[in-house]
Amino acid sequence: ALRMAAVEGSKAEKSLKRKLMGEGYDVMMHKRNLIEGNFEIDLFLPEINTIIEIDGPQHFVPIFGEDKLKETIKFDSIKNGLLLTQMRKQEKRNRK
């Protein structure tokens, strides 16, 4: 089940994708190469240049062990920092 969720998306990802598509948005799931570092983005709405990350319990609870949780938290921190940096750069460009 976990391997399928990694490929097809979690229940939360699929549910939100359906809702957004129902509202008329184009939604890309598990997109790579949107930010540096080859991180995978859960959902991307290209028309409004918006990234959505959905953190399930494995991001907060040691479901797969303490070492895996520490690694997940580390990579979440890097990814979130990259997203914020990219957003700030975009805001500066929009002001010009």
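**Exercise 1. A salt bridge beside the strands**

Task: Is glutamate 40 buried, exposed or partly exposed, and with which side chain does glutamate 40 meet in a salt bridge?

Solution.
Step 1. The relative accessible area of glutamate 40 is 26%. Buried means under 20% and exposed over 50%. Glutamate 40 is therefore partly exposed. The model is a predicted one.
Step 2. Look for a partner. Side chains of opposite charge can pair when their charged atoms come close. The glutamate 40 side chain meets that of arginine 32 in a salt bridge, at 3.8 Å from N to O.
Step 3. Check the partner. Arginine 32 has a relative accessible area of 38%, so it is partly exposed.

**Exercise 2. A salt bridge along a helix**

Task: How many salt bridges does the structure hold, and how far apart in helix H3 are lysine 68 and glutamate 71?

Solution.
Step 1. The count is two. One of them joins the side chains of lysine 68 and glutamate 71, at 3.4 Å from N to O.
Step 2. Place the pair. Helix H3 covers residues 66-95, and lysine 68 and glutamate 71 are three residues apart in it, so about one helical turn separates them.
Step 3. Recall the geometry. An α-helix has 3.6 residues a turn, so residues three or four places apart point the same way.
Step 4. Add the exposure. Lysine 68 is partly exposed at 40% relative accessible area. Glutamate 71 is partly exposed too, at 38%.

**Exercise 3. An acidic residue in H3**

Task: Is aspartate 76 buried or exposed, and which residues does aspartate 76 touch beyond four places away in sequence?

Solution.
Step 1. Aspartate 76 belongs to helix H3.
Step 2. Its relative accessible area is 14%, so aspartate 76 is buried.
Step 3. Leave out residues up to four places away in sequence. The contacts of aspartate 76 are then Asp55 and His59.

**Exercise 4. Pairing the strands**

Task: How do S1 and S2 run, and which residue stands opposite phenylalanine 44 in S3?

Solution.
Step 1. Start with S1 and S2. They run antiparallel, joined by three bridges. Methionine 29 has leucine 43 of S2 as its bridge partner.
Step 2. Move on to S3, residues 50-52. S2 and S3 also run antiparallel, again with three bridges. Opposite phenylalanine 44 is isoleucine 51 of S3.
Step 3. Inspect the cover on S2. Five of its five residues are buried.
Step 4. Examine the hairpin of S2 and S3. Four residues lie between its strands, and asparagine 49 takes a positive phi near 50° in this hairpin.

**Exercise 5. Positive phi angles**

Task: What is the phi of histidine 30, of asparagine 33 and of glycine 24?

Solution.
Step 1. Histidine 30 is not a glycine, yet its phi is positive, about 55°. This residue sits in strand S1, residues 28-31. Its relative accessibility is 15%, so histidine 30 counts as buried.
Step 2. Asparagine 33 is likewise not a glycine, and its phi is positive, near 65°. It lies in the loop between S1 and S2. With a relative accessible area of 64%, asparagine 33 is exposed.
Step 3. Glycine 24 follows H2 and has a positive phi near 100°.

**Exercise 6. The span of H2**

Task: What distance does helix H2 reach from its first C-alpha to its last?

Solution.
Step 1. H2 runs over residues 11-22 and has 12 residues.
Step 2. At 1.5 Å a residue, the expected span is 16 Å.
Step 3. The model gives 16 Å, close to that expectation.

Notes:
Residues numbered from 1 in each chain as written. Predicted model: local features only at pLDDT ≥ 70, side-chain atom pairs only at ≥ 80, totals over all residues. Heavy atoms only, no water. Helix = DSSP H or I, 4+ residues; strand = E, 2+ residues; numbered from the N terminus. Expected span 1.5 Å × (residues − 1). Buried < 20%, exposed > 50% of the residue type's maximum accessible area, 1.4 Å probe, protein only. Pairing = 2+ DSSP bridges. Salt bridge = Lys/Arg side-chain N within 4 Å of Asp/Glu carboxyl O. Contact = heavy atoms within 4.5 Å.
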